[in-house]
Amino acid sequence: IALFNDYPEFFSFQHRLELFQHAMKRRIISFRSTEIDIDPEHIIESSFNQLFFLPHKEWRYRIKIKYIHNAGIDLGGLRRDWFTKVTRELFNPNYGLFIATEKNSYQPSRLSYANPDHLKFFKFAGMIIGRVLLQGENVDCHLTRSFLRQILHRKVSLKDLEDSDENIFNSLQYILNNDIDNDQYNEYYFEVDKNDYGISKTIELKENGSDIKVTNESKSEFVDLMVDYHSRQSIIDQINSFCDGFDSIIPHRNIRIFTPGELDLLICGIPKIDVDDMRENTKCTSPYTKSSRFVVLFFDSIKKWSNANLAKLLMFITGSSQVPANGFRHYKDIGNPITIQPGGGKERLPVAHTCFNTIDLPEYETEEELNQKLMLAINEDSFQLG
């Protein structure tokens, strides 16, 4: 048990999932029930008013749903329907709690305070997602990697910003990779500007930050502070409220055994991934072509993978484990197809660029070699346990 708790990465996802599901079944108090009457026209408000103030123990009772003006008996179908609808509305950007990224994933909105009760609704949203996992249901609300990592109580890295804000990620990468001491066009200080509802304000990233110029020597510190500000500090109250709600339903000891990508799979489910559709709609960069032996080996190998591992691979390449509604053609239609480009010698690991849906594929010679390196890559830097 100690080995499992300290080093969950040594155990397969399927094994960890089975243990988690068993623990969740034991947490549900099945001999008691919580019945709620839902107004479909005001699903968030009617759900919130009846559930939010219940003792935490009652959130673990069996939930029975009754829709107003609907005589149906809930044998499980109405509950699943309610989970789907209430999460869809909670995460709808028009409701003002969450924003959607270009990757169609969600994270708390910095401007949610326009609703004076927003922190209560964030806690409620965390409790709902926790209850979804407790119940073993799935809902279609992919969260950004940085948000997922914080639900797991882990530190966010620059890489985690790639799927939530491509412009900030690219700007910070530029600073890390270039000589800024001799940059005649840009000067950077330990500060960040924000604009809330037309009101501009400068936030200092450290004491007297507006007077401290960023240099080559201090740029790593600057990038770390910028990542922390954009992913955490600017929405810290919203994140804390969501996590308070989530942790009240799912004990941290039970959820910490998963990676951010795996938590996304738990919430949204493992999609059916059609490798042939992926192959047909993938672009290759010269000298690679679809008939290159390295590309053929790639697709022939992953076609034997489980859906869980394919979903991780898709998350690795695109930043999302969900296949778009119209399949892999979607990426071509928006001008950003999944792309395989040369990745160097076989001693290297594959590298992904989620901004461009691109994977750098080294020249592996055998299926065993490709599987080993690819598995390492899609799970790399995933278990920073907190």
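**A buried aspartate and two cysteines**

Let me start with one pair of residues: the side chains of D160 and R149 are joined by a polar contact of 2.7 Å, where a polar contact is a pair of N or O atoms within 3.5 Å, one able to donate a hydrogen and the other to accept it within protein, and residues adjacent in sequence count only if both atoms are side-chain atoms. This is a predicted model, in which local features need pLDDT of at least 70 and side-chain atom pairs count only at pLDDT 80 or more, while totals for chains, interfaces and linings use all residues. Residues are numbered from 1 along each chain as its sequence is written, and side-chain values use heavy atoms, with hydrogens and water left out.

D160 sits in the loop between α6 (145-151) and α7 (166-177), helices being DSSP runs of H or I with at least four residues, and strands runs of E with at least two, numbered from the N terminus. D160 is buried, at a relative accessible area of 2%; buried means under 20%, exposed over 50%, and partly exposed in between, with a 1.4 Å probe and protein chains only. Apart from neighbours within four places in sequence, D160 is in contact (heavy atoms within 4.5 Å) with R145, S146, R149 and K155.

Turning to the cysteines, a search of the whole structure finds zero disulfides, meaning pairs of cysteine sulfur atoms within 2.5 Å. For C141, the nearest cysteine sulfur is that of C268, 5.3 Å away. C141 is buried at 3% relative accessible area, and C268 also counts as buried, at 13%.

For the chain as a whole, the secondary structure comes to 16 helices and ten strands, and 50% of the 386 residues count as buried.
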